[in-house]
Amino acid sequence: MPLARANEIRLFYDEAGAGRSVIFVHAYPMGRRMWAPQVAHFQRWYRVIAYDCRGFGNSEAPPTADRYSQAHSVEDLRGLCQARNIQQAAIVGLSMGGNIALHFALTHPALIAGVAICDTGAGSDDPAQFRAVTEGWARAAEVGGTAGFAAAILEHPIFAGYAARGPAEAAAMRELETFFRKIGWEA
């Protein structure tokens, strides 16, 4: 299992191809596998890495809230670059991953060969609405455990729309419950 020690945690990643580096950073609440079609396509020309961010997929999930922040996410990506001996990379991020890519580019511009930020808010669109949605997900988890959280996530238009795209996408969303059980998170 390819694991990189980065910023005091272990990050799981997939790597394919050779040449200039492209790193894909996934959306919330997905993982590196959401990038499988892009990895398969771009590995013909580039060294492609898709990784599970801290707390997602097969990467380490620290048990306390103080181990999660924008700064941690940025330094995790920097640590991944160090661990894989990447001097410069194009960073591609979607939603949460786009926010990580943006802040990574601002914090470590020398490591950036290019950046693609997709479907990402700067965090200022409507912070009160975002907080209300995420607090609703937390309440769903407190009441219904992982099943309640997964059900609440799937009610959100973004994730419901993704799951409606086809069986593979629906299965990926259903894996959320399995993932949270795996890491021992149960309200």
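In β2, the bridge partner of A4 is L11, and that pair makes a handy way into this predicted model. The protein around it has 6 helices and 6 strands. Following the chain from the N terminus, you meet these elements in the order β-β-β-α-β-α-β-α-β-α-α-α. The radius of gyration is 16 Å, close to the 16 Å that the globule rule gives for 187 residues, so the protein is as compact as a globular protein of that length.

**Strand pairing**

- β1 and β2 run antiparallel to each other and are paired over 4 bridges.
- The hairpin of β1 and β2 has 2 residues between the strands, and N7 there takes a positive phi near 55°.
- β2 also pairs with β4, again in the antiparallel sense and over 4 bridges.
- For E15, the bridge partner in β4 is I49.

**The nonpolar cores**

- The largest nonpolar core holds 24 residues, and I23, V25, Y51, L77, L80, I91 and F104 are the ones touching the most other members.
- At least two residues of this core come from each of β1 (3-6), β2 (9-16), β3 (21-25), β4 (47-51), α2 (70-83), β5 (89-94) and α3 (96-107).
- Another core, of 21 residues, lies apart from the largest one, and its members include F24, V48, F149 and A163.
- Y51 is a good residue to click on: leaving aside neighbours within four places in sequence, its contacts include L11, F12, Y13, I23, F24 and V25.
- Y51 is also in contact with H26, R32, L77, L80 and I100, with those same sequence neighbours left aside.

**Cysteines**

- A disulfide is a covalent bond between the sulfur atoms of two cysteines.
- The count of disulfides here comes to 0.
- C81 makes no such bond because its sulfur is 12 Å from the closest cysteine sulfur, in C53, which is too far.
- C81 is buried, with a relative accessible area of 2%.
- The sulfur of C118 also has its closest cysteine sulfur in C53, but at 14 Å, so it is too far for a bond.
- C118 is partly exposed, with a relative accessible area of 30%.

**Overall picture**

- The C-alpha trace of the protein spans about 45 × 35 × 30 Å along its principal axes.
- Of the 187 residues, 40% count as buried.
- The accessible surface comes to about 10000 Å², and carbon and sulfur atoms account for 56% of it.
- Among contacts between residues at least 6 apart in sequence, 67% join residues at least 24 apart.

Conventions
Residues are numbered from 1 along each chain as its sequence is written. This is a predicted model: local features need pLDDT of at least 70, side-chain atom pairs count only at pLDDT 80 or more; totals for chains, interfaces and linings use all residues. Side-chain values use heavy atoms; hydrogens and water are left out. A nonpolar core is a set of buried Ala, Val, Leu, Ile, Met, Phe, Trp, Tyr and Cys residues joined through side-chain atoms within 4.5 Å. Buried means under 20% relative accessible area, exposed over 50%, partly exposed in between (1.4 Å probe, protein chains only). Contact means heavy atoms within 4.5 Å. Two strands pair if DSSP finds at least two bridges between them. A disulfide is a pair of cysteine sulfur atoms within 2.5 Å. The radius of gyration is taken over C-alpha atoms; the globule rule is 2.2 Å times the number of residues to the power 0.38. Accessible areas come from the Shrake-Rupley method with a 1.4 Å probe; for residues, only the protein chains shown count as cover.
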